[in-house]
Amino acid sequence: MCGIIGIASNKPVVSNIIQSLKKLEYRGYDSAGIATFANGFIDEKKCTGRVDNLEKILFKNPSSGSIGIGHVRWATHGIPSQINAHPHSSEEVSVVHNGIIENSNEIKKDLEKKGYKFKSQTDTEVITFLLTDFLKDFDLINTINKTLKKLNGSFALGILFKKFNNLVVGARRGSPLAVGYGPEENYLGSDSYALKSMTNKITYLDDGDICLLTNNKVDFYNSKNKKINKEILTLSSEKHTAEKGHYKDFMSKEINEQNVTAKTCIKEYVDQIRRDINLYNFPIKPKEIEKIVLIGCGTAFHSCAVAKYWFEEFTNAEIEIDIASEFRYRKVQFKKKNLYIFVSQSGETADTLAALDLCKKNKVKTCSIVNVVESSIARLSDFVLPIHAGPEIGVASTKAFIGQMLVLYILAIKISEVRKELSGPVYVKKINELKKLPELIKKTLLCQDKIQVIAKDFLQARGAMFMGRGLSFPIALEGALKLKELSYLHAEGYPAGEMKHGPLALIEEGLPVVILAPKDKYFEKTISNMQEVIARGGKVILISNDNNTVTSENVRFSLEVPKSDEQLTPFIMAIPLQLLAYHVASLKNCNIDKPRNLAKSVTVE
Ligand code: AGP
């Protein structure tokens, strides 16, 4: 999960590379670097930290050149440091890399025996030296393919060769890479988002592909050294902007626009006149589905966990949820009558992509729910349901979570209606209730001031707990994930009924415990669990849509959220938790959009 950019032009490229790297920072931001050709040499500049630091270095000591590559890093092999930052260059070759080379230690030993001296702790430097070594005896394409054959693992590469100083070279296996076509220049990017400001004409590389870019030509080769033709796609025009506007950071913008996210998504799927859901060319007849398997990572997995309750409520089909990094390595029984649904904001998450690939190899029906419609997951799956949330830049997923849940909810009611498990009138009622959701989300967002007060209470805490039952249990997991991800405070989410089986031991005087208790069939039971927490000194923050029913002077904060259809409470309950994480992190001066150690798009295992 690093970001790669390459530009082959006939004019200076440094400033465009820097601008693109800034866009790619969501993929990694612990170090950055650039390499260009200048006066017959490879000029490499790199630094720890953000692209701003690289810009300062270039301001003092400018680079020139019309051919260049750049990189933002999310450390895998070796600590974030200037030496470990990419590019990694020899006299002859400069390399930027996204992915992991699993056999780098063995290759390194062989290269050291040949006299190559390694400067960094990265796995990338072996690529630089392998290329340098093969180049002594082979032509360019042979050199690249011979190098790639030595590598185990997944990667996307951007390469400069001193000997071919009009070329930017790209290659991929497992990690995404795209080529963009511009006027008198061509681009290489680890995703189309980085290229979008420069072009909407894109070619995606497939595994084993190599591309050679000059300012006016792009050639593709396969792993057998043969020239190949590739399709040029025109990307969809993006109505949503990726600007912060008047917001302090992307995350607050993304939280606050969730009513619009919901509105757009509902508009895309719900036919307002017929009061029906548009779902054409679905890859499997809903009536034939025996089991639905929902797969994702992190927040996307939490949306699957919420959806399990919906599907189970509305259909008779068997429902299973799985974390992609587990699914991909288990001995799964693939069945033709199962539908495998992959949920991912970025559509590039390595584990989710690998799980999908496994399904494709086993020839079962797949569907993806993504935000980025040009992503690898969208392109590989049989059917795509976009969430239409617009670019999500903050590393912590918020509006994409709402979008993912919405599409899953829409799918659950549509499939159940087609299967005749949901009657016509109930189906129409569900659609009518759904149409009220954007307004309810807007009202929920008004709780900001109260949340700011509650957030102050978390500053002294050593940790926090989140509890809920039924649909609120996965939301408790999501609330805990948001808090730990943004504020670095230890947080755990639990099914409230599970507390007595161990977690209750964690409750001590002053520990903040967020109780999610919408007025549903679990309400009384959750409130009893809340009393157990209070009795042990826990500092309870109760979030409910019926707070009047609860009278306990020992509840520290009681937040009332709008009432909704019972099945829609996850959308409402998630919002105060996102805001809570945001405000705690903000009070602790944490980097909201770029929390430590994380990246937006997890393209390594
Ligand atoms: C959410 O706040 C996280 N940053 C993370 O859990 C994320 O949801 C996960 O990495 C999956 O990403 P995806 O939706 O792009 O596949």
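Me: How far is an oxygen atom of the ligand from an N or O atom in the side chain of Ser344?
Reply: Keep in mind that this is a predicted model, in which local features need pLDDT of at least 70, side-chain atom pairs count only at pLDDT 80 or more, and totals for chains, interfaces and linings use all residues. Residues are numbered from 1 along each chain as its sequence is written, and side-chain values use heavy atoms, leaving out hydrogens and water. A polar contact to a ligand is a pair of N or O atoms within 3.5 Å. For Ser344, the ligand oxygen lies at 2.6 Å.

Me: Which side chain has an N or O atom 2.6 Å from a nitrogen atom of the ligand?
Reply: The side chain of Ser346 is 2.6 Å from a ligand atom too, but that atom is an oxygen. The partner of the ligand nitrogen is Glu485.

Me: How much of the ligand's accessible area does the protein cover?
Reply: Accessible areas come from the Shrake-Rupley method with a 1.4 Å probe. On its own, the ligand has 410 Å², and the share covered by the protein is 90%.

Me: Which elements give two or more residues to the shell around the ligand?
Reply: Helices are DSSP runs (H or I, at least four residues), numbered from the N terminus. The shell holds 16 residues, each with a heavy atom within 4 Å of the ligand. Two or more of them come from each of helix H9 (298–314) and helix H17 (472–487).

Me: Which peptide bond is cis, with omega of about 5°?
Reply: Most peptide bonds are trans. Here, a cis bond leads into Pro87, in the loop between strand E4 (67–73) and strand E5 (88–89); strands are DSSP runs (E, at least two residues). The bond in question joins His86 and Pro87.

Note on methods:
A polar contact is a pair of N or O atoms within 3.5 Å; within protein, one must be able to donate a hydrogen and the other to accept it, and residues adjacent in sequence count only if both atoms are side-chain atoms.
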